[in-house]
Structures are given as C-alpha cells and as structure tokens.
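Reader: I'd like a close look at one helix and what sits around it. Could you walk me through that part, informally?

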Amino acid sequence: MYKDWANTTDELTKLMQSFGKGHPEVAKGFTQLSKAAEKDGALSAKDKELMALSIGVAIRCEGCIAFHAKAAAEYGATRAEVLETIGVCLYMGGGPAFVYGAQALEAFDAFAEDR
C-alpha cells in the first residue's frame, strides 16, 4: 500500500483540531461551510463527495483525497463510481491526475474495506 489513508485522516484531523483551538472562529466557519456544501440538495451528498474527490486529485492534495475518499465510501459510493470519477480527472488533468487518481482509488478501497 502506498499510504495508510486512515492514519492520514486521523493525523490531519489532529492537526486541524490544533489549529481550531488557536483560531476557533475560522475553524468553526470552515466546518459550517463544509456541512452546508455537502448536504443533499439538487445533488446528493455522495455526488458532491465524488466531485470533491476529483478536485482533490486535480489540485494534488493527498489530505483532500483521504478525507473525500472516506466520505465517498461512507455515503455509499461504489468502486465503479470512483473509477469513473477518476477517469474524468485523467481526461482533464493528464499524467499528474493519473498519479493522484491511483492514490484516490487506493484511499477509497482502504475506507470501503472498513465498512
């Protein structure tokens, strides 16, 4: 395995909580924004997490990949849906998207196994 994705989310959560203790208004605002953006609406929360996963791939953010792969698994995304999401990333992002897309698939698989 390339990365321990569960450990990545755990460690980043600790770092983000530490930041939140130092700057609670900003952390609280981000949390509220996150909750508002991901809830079901015209698009399902699952679809929004797949979109967020693809953006994580596009901007090459391993932490984003970890958190959104986990959320996609929790919202019931299938491996086929994640593969198609990554396929669009490859189409739009070329080689770098291939590298980060492969990591995103591994991250999703790691979290989907835990369910």
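Author: Here's a walk along helix α4, with a stop at the loop before it and a look at two of its neighbours. Keep in mind that this is a predicted model.

Let's start in the loop between α3 and α4, where you'll find Arg60. Its phi is near 60 degrees, a positive value in a residue other than glycine. Arg60 is partly exposed there, with a relative accessible area of 44%.

Next comes α4 itself, which covers residues 62–74, 13 residues in total. From first C-alpha to last it reaches 18 Å, close to the 18 Å expected at 1.5 Å a residue. Which of its residues are buried? Those are Gly63, Ile65, Ala66, Ala69, Ala71, Ala72 and Ala73. As for their partners, the buried residues pack against α1 (5–22), α3 (45–58) and α5 (79–113). Just past the end of α4, Gly76 has a positive phi as well, of about 90 degrees.

Two of those partners, α1 and α5, also meet each other. Their axes come within 9 Å and cross at roughly 90 degrees. An angle of 65 to 115 degrees counts as roughly perpendicular, so that's the label for α1 and α5. On the α1 side, the contact is made by Trp5, Ala6 and Thr9, while α5 brings Gln103, Glu106, Ala107, Ala110 and Phe111. Sort the residues of that contact by character and you get 5 nonpolar, 2 polar and 1 charged.

Methods: Residues are numbered from 1 along each chain as its sequence is written. This is a predicted model: local features need pLDDT of at least 70, side-chain atom pairs count only at pLDDT 80 or more; totals for chains, interfaces and linings use all residues. Side-chain values use heavy atoms; hydrogens and water are left out. Helices (H or I, at least four residues) and strands (E, at least two) are DSSP runs, numbered from the N terminus. The expected span of a helix is 1.5 Å times one less than its number of residues. Buried means under 20% relative accessible area, exposed over 50%, partly exposed in between (1.4 Å probe, protein chains only). Contact means heavy atoms within 4.5 Å. Axes are lines fitted to C-alpha atoms, for helices over the stretch in contact, and angles run from 0 to 180 degrees between N-to-C directions. Angles under 35 degrees count as roughly parallel, over 145 as roughly antiparallel, 65 to 115 as roughly perpendicular and the rest as oblique. Ala, Val, Leu, Ile, Met, Phe, Trp, Tyr, Cys and Pro count as nonpolar, Asp, Glu, Lys and Arg as charged, and the others, Gly among them, as polar.
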